Amino acid sequence: GYYTTPVTINVVDSTIDAGKAGYGIITFNPVKLTIDNSDITGYAALYMKDETGEYGSAGSEVTIKNGSVLTGVNDNADHPSNAFATIVFEDTNIKVNIIDSKVEATGTSQVGQSVFGENASVANSEKGNTITVSGKSEIVTRKDEEFTGLANDNSKITVAAEPVFAYWTVW
């Protein structure tokens, strides 16, 4: 439906594994989402959809905290249309706070799997979004060029003063 008031969702001490083709959590309307001490895995662990057919995720606030792990897995065929991300933005003005947690991109596919990204087929998909990383968080990529697939210069990533680890793995 077309809901403009954010719905509160708390994922606490939970595991969601959507497999290599599914989305761990997907939103079609604004949410106030807290992921607390939980593991979320999927082609996209968190997918913030646009207003196509729904109101969209604009104005959502997401907090990932207390040792939560979000993992994006891309084991799909090596075709450019299969590139994706662990956290995907398809709408605007979304705030994501990562506190003492881990967000990682993994998989065997030769196409991109960014940690943060957009659905390139949606116009203005990530305009004005904010990602804040703080505490003892880890941002893990497969390759250094796949840290972010965010193309819009109106979005920003802020890293707080505490140690934050950003590194990549060789696959």
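Let's start at Asp17, an exposed residue with a relative accessibility of 59%. That value puts Asp17 in the exposed class because exposed means over 50% relative accessible area. Keep in mind that the model you're looking at is predicted. The protein has 171 residues, and 46% of them count as buried. Its secondary structure comes to zero helices and 16 strands.

**Around Asp17**

- You'll find Asp17 in strand β2, which covers residues 15-17.
- The side chain of Asp17 reaches over to the backbone nitrogen of Gly19, at 2.9 Å.
- Asp17 and Tyr43 are 26 residues apart along the chain, and their C-alpha atoms are separated by 9.8 Å.

**The whole protein**

- Take the contacts between residues at least 6 apart in sequence: 81% of these join residues at least 24 apart.
- The accessible surface adds up to about 8000 Å², and carbon and sulfur atoms account for 51% of that.

**Aromatic rings**

- How many aromatic pairs does a search of the whole structure find? The search turns up five.
- One of them is Tyr43 with Phe84, a stacked pair with 4.8 Å from centre to centre and 20° between the planes.
- Tyr43 sits in the loop between β5 and β6, while Phe84 belongs to strand β9, so this pair ties together parts that are 41 residues apart in sequence.
- Tyr43 counts as buried because its relative accessibility is 9%, and buried means under 20%.
- Phe84 has a relative accessibility of 11%, so it counts as buried too.
- Phe84 also pairs with Tyr47: the ring centres are 5.3 Å apart and the planes stand at 85°, so this pair is edge-to-face.
- Tyr47 lies in strand β6 and Phe84 in strand β9, so here the pair ties together parts 37 residues apart in sequence.
- Tyr47 is buried as well, at 3% relative accessibility.
- Put the ring pairs together and you get a cluster of Tyr23, Tyr43, Tyr47 and Phe84.

**A nonpolar patch on the surface**

- Tyr23, a member of that ring cluster, is also part of a nonpolar surface patch with Ile26 and Phe28.
- Together, the three residues of the patch have about 230 Å² of accessible area.
- Phe28 is in the loop between β3 (23-27) and β4.
- Why does Phe28 count as partly exposed? Its relative accessibility is 35%, and partly exposed covers the range between the buried cut-off of 20% and the exposed cut-off of 50%.

**Salt bridges**

- Searching the whole structure gives two salt bridges.
- One joins the side chains of Lys49 and Glu90, with 3.4 Å from N to O.
- Lys49 is in the loop between β6 (44-48) and β7 (61-65), and Glu90 is in the loop between β9 (84-89) and β10 (95-99), so the bridge ties together parts that are 41 residues apart in sequence.
- Are Lys49 and Glu90 buried or exposed? Both Lys49 and Glu90 are buried.
- Glu104 forms a salt bridge with Lys102, and the closest N and O atoms of that pair are 3.6 Å apart.
- Glu104 is buried, since its relative accessible area is 14%.
- Lys102 has a relative accessibility of 21%, so it counts as partly exposed.

**Ser38, a buried loop residue**

- Where does Ser38 lie? Look in the loop between β4 (31-36) and β5 (39-42).
- Ser38 is buried, because its relative accessible area is 1%.
- A polar atom of the Ser38 side chain lies 3.1 Å from the backbone nitrogen of Asp13.
- Leave aside the neighbours within four places in sequence, and Ser38 is in contact with Val11, Val12, Asp13, Ser14, Ser68 and Val69.
- So Asp13 turns up twice for Ser38: its backbone nitrogen is 3.1 Å from that side chain, and Asp13 is among the residues in contact with Ser38.

Methods. Residues numbered from 1 in each chain as written. Predicted model: local features only at pLDDT ≥ 70, side-chain atom pairs only at ≥ 80, totals over all residues. Heavy atoms only, no water. Helix = DSSP H or I, 4+ residues; strand = E, 2+ residues; numbered from the N terminus. Buried < 20%, exposed > 50% of the residue type's maximum accessible area, 1.4 Å probe, protein only. Polar contact = N/O pair within 3.5 Å; in protein donor to acceptor, adjacent residues only side chain to side chain. Contact = heavy atoms within 4.5 Å. Patch = residues over 30% accessible without salt bridge, like charges linked within 9 Å, V, L, I, M, F, W, Y side chains within 5 Å. Areas by Shrake-Rupley, 256 points an atom, 1.4 Å probe, with all protein chains shown as cover. Salt bridge = Lys/Arg side-chain N within 4 Å of Asp/Glu carboxyl O. Phe/Tyr/Trp six-rings, centres within 6.5 Å; stacked < 30°, edge-to-face > 60°.
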